[in-house]
Amino acid sequence: MSSSTGTTGTTTVITNIATLVTNDPSLGDTSPLGLVRDAAVVIEGDRVVWTGESSKAPATDNRVDAGGRAVLPGFVDSHSHLVFAGDRTEEFNARMSGRGYTAGGIRTTVAATRAATDGELESNLTRFLSEALRQGTTTFETKSGYGLTVADEARALRLAARHTDEVTYLGAHIVSPDYADDPAGYVALVTGEMLDACAPHARWIDVFCEKGAFDGDQARAILTAGRAKGLHPRIHANQLSYGPGVQLAVELDAASADHCTHLTDADVDALASGDTVATLLPGAEFSTRAEWPNARRLLDAGVTVALSTDCNPGSSFTSSVPFCIALAVRDMGMTPDEAVWSATAGGAAALRRTDVGRVAPGARADLTLLDAPSHVHLAYRPGVPLVSGVWRRGVRVV
């Protein structure tokens with residue numbers, strides 16, 4: 001068998017799938033998830049070449065029996081911070097215990113990351129990637145932002161680029177402690193020498209637009225400079241308070257505005273009228289006991305929503321997309337179908353990818369097999385390790 005995409009190689013059919021999530025309404029029940037019951041998927045090389053009812057599956061070289069389980073696209077985690085060293089257990093424990101804590105937050109991680117060797121940082125990164133893969137994540141984005149020097153930011157991106165194409169330069173995470181008395185000088189560094197060193201290793205540029213980090217004018221300057229170097233914008237926006245981040249994201253055609261907790265009606269309207277995805281990160285609210293984003297408000301307005309982990313050592317130390325799906329359904333007003341779509345196709349949209357986040361001919365063969373008959377079980381059975389198989393680029397890796 002060969003497909004219209006030109007893929008040739010060994011073919012494998014996964015059959016006896018109770019529920020297949022394709023994220024292509026034309027292939028299934030016309031819902032956004034494009035559900036197919038009693039389904040099969042054919043993989044050739046690293047691509048999906050056929051989907052449909054099991055009884056109609058073509059002959060293939062190999063056969064895998066899904067045993068009446070559900071199959072869905074591999075999760076697309078479009079926001080994470082995985083290149084770091086150190087631990088902030090004491091900070092989390094104090095926060096959850098209602099005690100004051102005066103350590104340095106992000107600055108604590110910056111100090112540990114600067115002190116770590118390349119080997120230590122990469123070992124940490126690959127450990128988290130393996131952890132995420134076992135939970136069904138087949139595509140991930142990750143950022144710099146814990147070095148805040150030219151050498152350390154470039155190092156973080158160089159290490160990340162060994163493991164993913166979705167690498168984001170976040171020199172503008174906070175003002176570096178080295179520039180505490182000269183934030184304008186740090187913005188000049190981020191948009192100058194640091195950008196020059198980091199741009200060859202990254203696809204994206206990001207900025208934390210928030211009180212205590214970077215204001216709207218600084219964020220615009222940083223993202224505009226990155227765009228001039230060929231990096232596409234994304235932005236941490238409106239997480240802790242109302243602010244200019246979302247409006248700036250839409251103005252600059254950012255791929256995503258991430259967090260989106262504190263939104264005005266004008267912010268929602270802007271997102272609905274543009275191509276910027278609202279990426280929601282419920283792990284952060286869980287880990288900080290902060291106000292939940294109102295996903296229902298965004299979805300009802302027609303905004304494209306993604307779900308991601310925000311995996312980082314300070315405010316959302318989880319690599320589990322299934323956990324975030326359960327939180328989004330329980331506390332953010334999403335239906336199980338909406339949450340699964342946002343964690344797959346929504347994440348792909350936040351990365352402006354069409355080859356992942358769906359199970360359709362021509363798409364990359366990234367699949368997650370659940371030990372359950374339906375994707376709804378991801379929210380229905382929270383905390384249960386339901387992922388029993390993962391294919392990445394056509395190869396079974398779990």
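**Exercise 1. Work out whether Lys143 is buried or exposed in this predicted model, then find its salt-bridge partners.**

Start with the accessibility. Lys143 has a relative accessible area of 1%. The cut-off for buried is under 20%, so Lys143 counts as buried.

Next, look for acidic partners. One is Glu141, whose side chain meets that of Lys143 in a salt bridge at 2.7 Å, N to O. Glu141 is itself buried, at 0% relative accessible area.

Another is Asp206, with the closest N and O atoms 2.9 Å apart. Lys143 sits in strand β6 and Asp206 in strand β8 (residues 204-209), so this pair ties together parts that are 63 residues apart in sequence. Here, too, both partners are buried.

**Exercise 2. Take the salt bridge between Arg352 and Asp253 and say which parts of the chain it ties together.**

First, check the distance: the closest N and O atoms of Arg352 and Asp253 are 3.0 Å apart, and the cut-off is 4 Å.

Now place the two ends. Arg352 belongs to the loop between α13 (336-350) and β14 (367-370), while Asp253 belongs to the loop between α8 (245-251) and β11 (256-259), so the bridge links parts 99 residues apart in sequence.

Finally, how covered are they? Arg352 is partly exposed, with a relative accessible area of 31%, and Asp253 also comes out as partly exposed at 31%.

Want the wider tally? The count for the model comes to 23 salt bridges. Shared partners also join Asp118, Asp152, Arg155 and Arg158 into one network.

**Exercise 3. Decide how well covered helix α4 is, and say what covers it.**

Count along the helix, which runs over residues 150-160: nine of its eleven residues are buried, so go with "mostly covered".

Then list the buried ones: Val150, Asp152, Glu153, Ala154, Arg155, Ala156, Leu157, Leu159 and Ala160. Asp152 and Arg155 should ring a bell, as both belong to the salt-bridge network from the previous exercise.

Last, go round the neighbours. The cover over these buried residues includes helices α2 (106-115), α3 (118-134), α5 (183-191) and α6 (193-198), plus strands β6 (137-143) and β7 (166-172). You've met β6 already: that's the strand holding Lys143.

**Exercise 4. Find which residues make up the nonpolar surface patch that includes Val398.**

The patch is formed by Val395, Val397 and Val398, with about 210 Å² of accessible area together.

Now zoom in on Val398, which lies in the segment after β16 (395-396). Val398 is partly exposed, at 31% relative accessible area; patch residues need over 30%.

Conventions:
Residues numbered from 1 in each chain as written. Predicted model: local features only at pLDDT ≥ 70, side-chain atom pairs only at ≥ 80, totals over all residues. Heavy atoms only, no water. Patch = residues over 30% accessible without salt bridge, like charges linked within 9 Å, V, L, I, M, F, W, Y side chains within 5 Å. Areas by Shrake-Rupley, 256 points an atom, 1.4 Å probe, with all protein chains shown as cover. Helix = DSSP H or I, 4+ residues; strand = E, 2+ residues; numbered from the N terminus. Buried < 20%, exposed > 50% of the residue type's maximum accessible area, 1.4 Å probe, protein only. Contact = heavy atoms within 4.5 Å.
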